[in-house]
Amino acid sequence: MRPVAFRAVEKSFGAVRALRPTTLDIAGGEFLTLLGPSGSGKTTLLNITAGYLAPDAGRVRIGERDVTELPARKRNIGMVFQNYALFPHLSVFENVAYGLRSRGCTRSEIRRRVEEALATVQLAGFGGRAIRQLSGGQQQRVALARALVIEPDVLLFDEPLGALDRQLRKHVQLEIRRLHQRLGRTTIYVTHDQEEALVMSDRIAVMREGRVEQIGSGRDLYERPANSFVAGFLGESNLIEGSVTRVSGDYAELSVPALGMAIRGIAAAGLAEGEPGAALLRPETIRIGADTAPCLAARASEIVYLGEIVSVRLVLADEREIWCRRLSNLGEVRPGPTTLGWPAEEVRILPIHSNEETREVRHDRSS
Amino acid sequence: MPKAVRILLHIGVSAILALLVLPAFVVVPASFNAASFIRLPPAAFSMRWYGGFFQDPEWLSSLATSAEVAALATGLSLSLGTLAALGLARLGGALRTALYGLFLSPLIVPTIVTAIALYYVSRPLGLVGTIPGLALGHTLLCLPFVLVNVGVSLHSLDPALLRAAEGLGAGPWRVFRTVTMPIIAPGLLGGAVFAVITSFDEVVISIFLSGITAKTLPVKMWETIRVEFTPVVAVAATFLILLTLTLFALLRLFGLRQAKPAESLS
């Protein structure tokens with residue numbers, strides 16, 4: 001299982017910096033998801049890995065091999081495309097066999113390996129079908145078999161589940177995860193769907209405007225986001241903006257004049273006194289009807305019963321809305337005035353995004 | 001729309017279509033005429049002039065010349081036109097528009113001008129009166145049809161398919177042979193059909209380049225009809241109509257069948 005390494009890889013399209021200098025290491029057998037909105041550079045990084053795009057600068061290594069100059073056909077990479085890109089004029093069998101034929105395998109070996117791959121994706125016996133006879137989910141699995149059968153060093157996925165309905169998507173997510181656990185191939189998966197990222201990944205790299213904002217396990221990113229962008233992109237979040245008044249030890253204080261209060265929480269790295277910041281209150285952190293400090297007056301305006309949890313919309317003094325979630329068995333919530341509280345150790349004080357200058361400075365220092 | 005209006009519309013449209021097409025089919029009954037002159041309606045049914053056509057070595061050799069020229073011109077324009085279409089698809093902006101216009105110009109420039117120009121160029125090269133000379137001239141006229149047909153097919157080709165094939169280890173030639181070509185096959189077929197028909201039908205360039213040694217079928221028809229008005233010309237014309245109809249029928253049959261999976265892509 002080969003590791004993948006990016007060293008200061010960058011790419012621009014005209015004036016657009018699609019990918020800023022990015023250094024990233026993916027361990028052999030790891031499942032890494034590139035998560036980000038469109039235009040964040042995740043697909044650019046994927047295409048550079050596959051060899052469909054040449055980086056303007058930097059090196060890409062797969063295992064011991066520097067593949068930066070290598071054409072896509074010599075990289076031994078299996079890719080599952082957004083719309084599958086199955087060959088419409090070939091049967092299921094021939095689609096899967098394509099990579100083996102290009103490699104000059106013998107007929108009997110092709111037959112054996114294609115059938116094995118089709119069985120792996122639970123499509124045994126579908127070899128003779130035409131592509132247009134298959135459902136979207138089946139086409140997706142053919143695409144997966146076609147990428148797996150060549151025993152690639154790295155498996156790449158480019159938002160492959162976008163065309164499937166929600167129910168099927170969940171099913172396929174788990175299937176891809178099981179397959180990864182069984183086969184253990186180094187995998188890079190591109191998506192803008194946070195749930196998809198959480199279900200499948202060992203680590204997630206959150207990208208924005210051509211750079212990796214933060215990389216870590218799903219839990220890392222959710223519980224210890226580096227900045228307000230990551231916090232907002234992964235999971236539901238209530239972000240209350242203000243200015244950082246004090247940083248001491250692990251904690252920081254954020255003054256929020258609109259609410260006439262200061263919020264205390266665990267300080268994220270890179271926080272500086274006097275700069276704007278945001279307090280992250282996850283919906284499950286907020287306690288309704290609390291009477292211990294910190295205590296905030298609010299009005300419960302909407303209560304949505306979701307089975308095991310209740311989602312409550314709260315309006316604060318400055319008409320700002322925040323959402324809170326709690327387990328249904330903690331008792332009923334009634335609309336009307338109430339008080340909110342939270343344990344300071346579950347609140348995080350974050351820098352607002354990370355801006356260009358600080359990033360550039362940090363980069364210089366590390367190199 | 002009221003029913004009466006619709007019926008009137010149908011009749012009107014049918015009449016216009018008939019007016020467009022029927023004159024061409026007049027030659028069919030004329031070719032079965034027993035008389036020595038083209039006459040309508042035919043005086044008596046006879047296969048006499050079909051016999052005449054096949055027993056006359058001049059007619060047969062002109063048919064052979066036409067077939068050879070058409071085959072060469074089709075092959076040439078198909079290869080050049082496909083390469084041009086592939087190249088144009090990779091270009092962008094003003095250059096692509098300019099080159100596209102250049103490739104299509106033989107359709108716009110009056111054929112007689114092209115013919116005279118070709119005559120001047122071909123004579124010193126010894127190409128007048130030769131099959132390669134005629135084929136080259138016809139290629140000029142066939143090229144735009146191939147370019148347009150293949151170009152449209154290429155447009156429906158998902159570029160991700162080419163990347164997928166390359167990623168699976170296929171080199172450029174293998175990608176073209178196993179992915180591009182099968183998918184643009186309807187365009188290749190359409191281009192080929194238009195090329196064959198254009199070449200078989202071409203008379204202006206052919207008159208200039210035929211000389212006396214390489215007469216194509218339309219040139220032979222043109223010469224015959226000026227000196228003798230026999231129904232053998234109608235026989236030749238019938239063959240040309242038959243060829244056209246057969247080729248278009250083939251195109252419908254295979255072109256559509258091939259196009260379907262490509263459409264489901266988008």
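Q: Which residue is the bridge partner of Ala278(A) in E20(A)?

A: In this predicted model, Ala278(A) has Leu350(A) of E20(A) as its bridge partner. That bridge belongs to a pair of strands in chain A, E14 (residues 276-281) and E20 (residues 348-351). Four bridges join E14(A) and E20(A), and the sense is antiparallel.

Q: In what larger arrangement of strands do E20 and E14 of chain A take part?

A: They belong to a closed barrel of five strands, written in the order E11-E12-E13-E20-E14 (chain A). The pairing in this barrel is mixed. From one strand to the next, the twist averages 55 degrees.

Q: Chain A also has an open sheet; what is the order of its strands?

A: The order is E2-E1-E4-E5 (chain A), four strands with antiparallel pairing.

Q: Which strands of that sheet stand at the edges?

A: Strand E2 (16-26) and strand E5 (65-66) of chain A do. Each has a single partner strand, so one side of each lacks a neighbour in the sheet.

Q: How many bridges join E1 and E4 of chain A?

A: Five bridges pair strand E1 (residues 4-13) with strand E4 (residues 57-62) of chain A, in the antiparallel sense. As for single positions, Arg59(A) in E4(A) is the residue opposite Arg7(A).

Q: How are two packed helices described?

A: The general idea is to give the angle between the two axes and the distance between them. Take H2(A) and helix H3 (residues 107-120) of chain A: their axes come within 9 Å and cross at roughly 125 degrees. H2(A) and H3(A) are therefore oblique to each other. The crossing of H2(A) past H3(A) is right-handed.

Q: Which residues of H2(A) and H3(A) meet?

A: From H2(A) come Phe93(A), Val96(A), Ala97(A), Leu100(A) and Arg101(A). From H3(A), the residues they meet are Ile110(A), Arg113(A), Val114(A), Ala117(A) and Leu118(A). Sorted by class, this contact has eight nonpolar and two charged residues, and no polar ones.

Q: At what angle do H4 and H7 of chain B pack?

A: Helix H4 (residues 57-90) and helix H7 (residues 131-155) of chain B pack at about 40 degrees, and their axes are 6 Å apart. H4(B) and H7(B) are therefore oblique to each other. Their crossing is right-handed. The residues of this contact comprise 19 nonpolar, eight polar and one charged.

Q: How many residues of each chain are in contact across the two chains?

A: Chain B has 20 residues in contact with 18 residues of chain A. On the chain B side, the elements giving two or more residues are helix H8 (159-167), helix H9 (172-201) and helix H12 (232-263). H8(B) gives the most, with seven residues. The side of chain B that touches chain A has twelve nonpolar residues, four polar and four charged.

Q: Which residues of H8(B) are buried?

A: Leu161(B), Ala164(B), Ala165(B), Glu166(B) and Gly167(B) are buried in H8(B). Their cover includes parts of both chains: helix H1 (42-50), strand E6 (77-80) and helix H2 (92-102) of chain A, together with H9 of chain B.

Q: Which residue just after H8(B) takes a positive phi?

A: Gly169(B) does, with a phi of about 105 degrees.

Q: How many helices and strands does each chain have?

A: Chain B has twelve helices and zero strands. Chain A has nine helices and 20 strands.

Q: What box do the C-alpha atoms of chain B fill, and what does the trace of chain A span?

A: Taken along the principal axes, the box for chain B is roughly 70 × 65 × 30 Å. The C-alpha trace of chain A spans about 75 × 50 × 35 Å along its principal axes.

Q: What percentage of the residues in each chain is buried?

A: In chain B, buried residues make up 36% of the 266 residues. In chain A, 42% of the 367 residues count as buried.

Q: What share of the contacts in each chain with a separation of 6 or more is between residues 24 or more positions apart?

A: For chain B, residues 24 or more positions apart account for 74% of those contacts. For chain A, the corresponding share is 66%.

Definitions and conventions
Residues are numbered from 1 along each chain as its sequence is written. Chains are lettered from A and ligands numbered from 1 in the order in which they are written. This is a predicted model: local features need pLDDT of at least 70, side-chain atom pairs count only at pLDDT 80 or more; totals for chains, interfaces and linings use all residues. Two residues are in contact if their C-beta atoms, placed from the backbone, lie within 7 Å. Ala, Val, Leu, Ile, Met, Phe, Trp, Tyr, Cys and Pro count as nonpolar, Asp, Glu, Lys and Arg as charged, and the others, Gly among them, as polar. A residue is buried if 20 or more other C-beta atoms lie within 10 Å of its own, exposed if 12 or fewer, and partly exposed in between; C-beta atoms are placed from the backbone. Axes are lines fitted to C-alpha atoms, for helices over the stretch in contact, and angles run from 0 to 180 degrees between N-to-C directions. Angles under 35 degrees count as roughly parallel, over 145 as roughly antiparallel, 65 to 115 as roughly perpendicular and the rest as oblique. A crossing is left-handed if the near helix is turned anticlockwise from the far one by less than a right angle, and right-handed if clockwise. Two strands pair if DSSP finds at least two bridges between them.
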